[in-house]
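Got your viewer open? Let's take a walk through this one, a selection at a time.

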Amino acid sequence: MTEPKPLVFLHNLTGNSVDFRVLFWAEDISHWLELKTYVLSDIFTVFEKEGIKMSTTTQDLNLNLPEGKALNIDDLSPPDQAGTKP
């Protein structure tokens with residue numbers, strides 16, 4: 001569909017992202033999901049070609065333990081399938 005033309009708006013700026021809102025129209029609404037997949041795939045391909053990397057979320061954790069207390073890294077292991085620590 002050439003009319004109406006697609007629109008791109010700067011939606012939000014944060015410390016680790018620039019969010020855009022991309023609006024486009026589908027001539028047949030029953031194909032919107034397929035069209036959305038093509039549009040997002042094309043955007044990803046262009047970003048990759050241009051060397052634009054997607055941000056990854058990282059988080060630092062600072063623990064203030066009581067004097068004389070230590071934290072064993074094994075205490076941080078994920079729970080098993082039953083939800084209990086090994």
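Start with the whole protein chain in cartoon view: read along the sequence, the pattern is β-β-α. That is one helix and two strands, where helices (H or I, at least four residues) and strands (E, at least two) are DSSP runs numbered from the N terminus. Keep in mind that this is a predicted model, in which local features need pLDDT of at least 70 and side-chain atom pairs count only at pLDDT 80 or more, while totals for chains, interfaces and linings use all residues. Residues are numbered from 1 along each chain as its sequence is written, and side-chain values use heavy atoms, with hydrogens and water left out.

Now colour by accessibility. Of the 86 residues in the protein chain, 0% count as buried; here buried means under 20% relative accessible area, exposed over 50%, and partly exposed in between (1.4 Å probe, protein chains only).

Next, select Pro4, in the segment before strand 1. Pro4 counts as partly exposed because its relative accessibility is 38%. Add Phe24: the two C-alpha atoms are 8.0 Å apart, with these positions 20 residues apart along the chain.

Move on to Lys5 and Glu3, whose side chains meet in a salt bridge at 3.6 Å, N to O. The term covers a side-chain nitrogen of Lys or Arg within 4 Å of a carboxyl oxygen of Asp or Glu. The structure holds one such bridge. Lys5 has 53% relative accessibility, so Lys5 counts as exposed.

Which residues form the nonpolar patch on the surface? Select Val8, Leu10, Leu13, Val18, Phe20 and Val22, which together have about 580 Å² of accessible area. Strand 1 (7-13) and strand 2 (18-23) are the elements that give two or more residues to this patch. Patches take residues with over 30% relative accessible area and no salt bridge, joining like charges within 9 Å and nonpolar side chains (Val, Leu, Ile, Met, Phe, Trp, Tyr) within 5 Å; the areas come from the Shrake-Rupley method with a 1.4 Å probe, and for residues only the protein chains shown count as cover. Zoom in on Leu10, in strand 1: Leu10 is exposed, at 51% relative accessible area.

Then pick helix 1, residues 32-49: its 18 residues should span 26 Å at 1.5 Å a residue, and its end C-alpha atoms are indeed 26 Å apart. The expected span is 1.5 Å times one less than the number of residues. Just after helix 1, click Gly51, which takes a positive phi of about 75°.

Last stop: helix 1 gives the most to the lining of the largest pocket, with five residues.
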